[in-house]
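Q: I have a structure open in my viewer and would like to learn how to read its features. Could you take me through it step by step?

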Amino acid sequence: MKYRRIKGTNDIFGEEIWYWRYVEETFRNVCESAGIEEIRTPIFEQTELFVRSVGEESDIVQKEMYTFQDKAGRSITLRPEGTAPVVRAFLENSLVDRGFQQRYYYVGPMFRYEKPQSGRLRQFHQVGFEIIGPESPKADFEMIILVDTFLRRLGLTKYKIHLNSIGCPVCRKNYREALKEYYGQVLDNLCDDCKRRYETNILRLLDCKVDHEYALNAPKSVDYLCDSCRAHHKKLKEYLNTFEIEYVEDHTLVRGLDYYTRTVFEVRHEGLGAQNAIAGGGRYDGLFAELGGSSVPALGFAGGIERIILALKAEGIEIPMKNVHLVYIATLGEKAFMDGVQLAGELRKKGLSVDVDIMDRKLSGQLKHASRMGSRYAVIIGDEELEKGIVILRDLETGDQVEIDRDFAADYIAERVSKD
Ligand code: HAM
């Protein structure tokens, strides 16, 4: 094999496509039923956008970005996530003029140079949305409802929503100090990453996989919240409790991106291995100001399509699949081919998926190919059929066949298929 795909990327085809379509279409339906509009931003952006938003000290910026210089010497990065581009687009296109409580959803590829393994890719795909404007915990509540609705609508049940509040820059200052004191006493025992993060990004010590046991007894951010952050968190939990949305309070949840304030959440699926987060998100009330706008509260989430598909498979959920080779029109001779193309057009207009043989094969070869592609029916047209003004419809599953008057062929076949 001369060319191979790049490590950490996938080709998606065959049955797999229907899983993707199912996830994407369900997500679009849930978003649009909630009045969320689609936004599409470029795949690459100025590197600085991600450095400023995701955070200089985050793993993403430190080691996972696909960054390159373009021909004009600008530093460009393939987007590792979708939130910063949406905020940039919002500011750049003056979407603020549409007023607040604006919500945008997106579906598309993201890029992170991570060590590939099951559920962890270098080109992966997210569905996500961002809610721009509301400060109230009503927005956090609505966001979690929509994420839950989306996952339920897919048929998933074996997941848990982990919830935490990491406060605002004011209360986080005190919390950081408490963590410094706590981890300072065990610093020598920590892994090298944690030692470095102790200086640069202490909250991330809480989600270190190696030193996790220290995190369990560490000071909790919820104990250091200022009055307004505490009230916000309390109200959100009240809403969730009233609505009977189950969640787990997880004091070690801090998330890997630096822009979060107050609410953070992650959805973990029990059927996956180490990479069990199928979705995550939270508030980022400081990001607009960080990126040069005025201060605008905002929040959002993203789910990983590959991991959601692994979860669907782990739960054995059946996905609707369409047979795009439903009817195969086999023809013999030029005249029959032209009539076959005509009939294909009539059937396609009625919404059926129809192949016509374009390989100049013998009849037996055409039928063999139709079966191999999974066609349910074959239509056969040759000189004899043309002369008699009929076509033959063969059921490729049973081998039964009928002759149909050519004039009524499209109606007959469409009706027959609709009865399957
Ligand atoms: P994130 O937690 O970095 O958040 O990514 C969201 C989801 O993308 C994860 O829960 C996971 O399912 C999937 N994901 C992340 N990295 C990979 C990977 N290497 N391979 C496969 N799947 C992956 C964000 O990206 C935030 N922008 C979410 C957000 C939106 N926060 C506010 N608004």
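**Reading a binding site and its surroundings**

A: Gladly! This is a predicted model. Let's start with burial: Tyr259 counts as buried because its relative accessibility is 7%, and the cut-off for buried is under 20%.

Q: Where is Tyr259 found, and which residues does Tyr259 touch?

A: To place a residue, look at the elements on either side, then at its contacts. Tyr259 is found in the loop between strand S8 (248-249) and strand S9 (261-269). Not counting residues up to four places away in sequence, Tyr259 touches Ser53, Val54, Glu81, Thr83, Arg283, Tyr284 and Leu287. With Glu81 there is also a polar contact, side chain to side chain, at 2.5 Å.

Q: Which residues does the UniProt annotation "binding site" cover?

A: An annotation comes from a record, and may be inferred rather than shown by experiment. Here the UniProt entry, which is unreviewed, marks Glu81, Gly82, Thr83, Arg112, Gln126, Glu130, Arg255, Tyr259 and Tyr260 as "binding site". Of these residues, Arg255, Tyr259 and Tyr260 are included in the lining of the second largest pocket.

Q: Gly82 is covered by that annotation too. Is Gly82 buried or exposed?

A: Buried, because its relative accessibility is 5%. Gly82 is found in the loop between strand S4 (75-78) and helix H4 (83-92). Leaving out residues up to four places away in sequence, Gly82 touches Tyr106, Met110, Gln126 and Glu130.

Q: Now the ligand. Which residues come nearest?

A: For a ligand, begin with the residues around it, then check distances between polar atoms. There are 27 residues around the ligand, and Glu81, Glu114, Glu130, Tyr260 and Ala277 come nearest. A nitrogen atom of the ligand is 2.6 Å from an N or O atom in the Tyr260 side chain. For the side chain of Thr83, a ligand nitrogen atom is 2.9 Å from an N or O atom. With the side chain of Arg112, an oxygen atom of the ligand is 2.9 Å from an N or O atom. As for cover, the ligand has 650 Å² of accessible area on its own, and the protein covers 96% of that.

Q: Which strand gives the largest share of the shell around the ligand?

A: That is S10, with 6 residues. Strand S6 (123-132), strand S10 (277-283) and strand S11 (298-304) each supply at least two residues of the shell.

Q: How many residues of helix H11 are buried?

A: A helix can be read as a repeating pattern. In an α-helix there are 3.6 residues a turn, so residues three or four places apart point the same way. Helix H11 (residues 305-314) is mostly covered, with 7 of its 10 residues buried. The buried ones are Ile305, Glu306, Arg307, Ile308, Ile309, Ala311 and Leu312. Just after H11, Gly316 has a positive phi of about 65°.

Q: What about Arg268: where is Arg268 found, and which residues is Arg268 in contact with?

A: Arg268 is found in strand S9. Arg268 counts as partly exposed because its relative accessible area is 22%, while buried would require under 20%. Leaving aside neighbours within four places in sequence, Arg268 is in contact with Lys158, Tyr159, Lys160, His162, Asp250, Leu253, Asn276 and Ala277. The side chains of Arg268 and His162 are joined by a polar contact of 3.4 Å. For a distance across the model, the C-alpha atoms of Arg268 and Asp395 are separated by 46 Å, with the two positions 127 residues apart along the chain counted as their separation.

Conventions. Residues are numbered from 1 along each chain as its sequence is written. This is a predicted model: local features need pLDDT of at least 70, side-chain atom pairs count only at pLDDT 80 or more; totals for chains, interfaces and linings use all residues. Side-chain values use heavy atoms; hydrogens and water are left out. On a 1 Å grid over the protein atoms alone, a cavity is a set of points where a 1.4 Å probe fits but cannot get out, and a pocket is an open set with protein on both sides within 12 Å along at least five of seven lines; lining residues have an atom within 4 Å of a point. Helices (H or I, at least four residues) and strands (E, at least two) are DSSP runs, numbered from the N terminus. Buried means under 20% relative accessible area, exposed over 50%, partly exposed in between (1.4 Å probe, protein chains only). Contact means heavy atoms within 4.5 Å. A polar contact is a pair of N or O atoms within 3.5 Å; within protein, one must be able to donate a hydrogen and the other to accept it, and residues adjacent in sequence count only if both atoms are side-chain atoms. A residue is near a molecule or strand if one of its heavy atoms lies within 4 Å of it. Accessible areas come from the Shrake-Rupley method with a 1.4 Å probe; for residues, only the protein chains shown count as cover.
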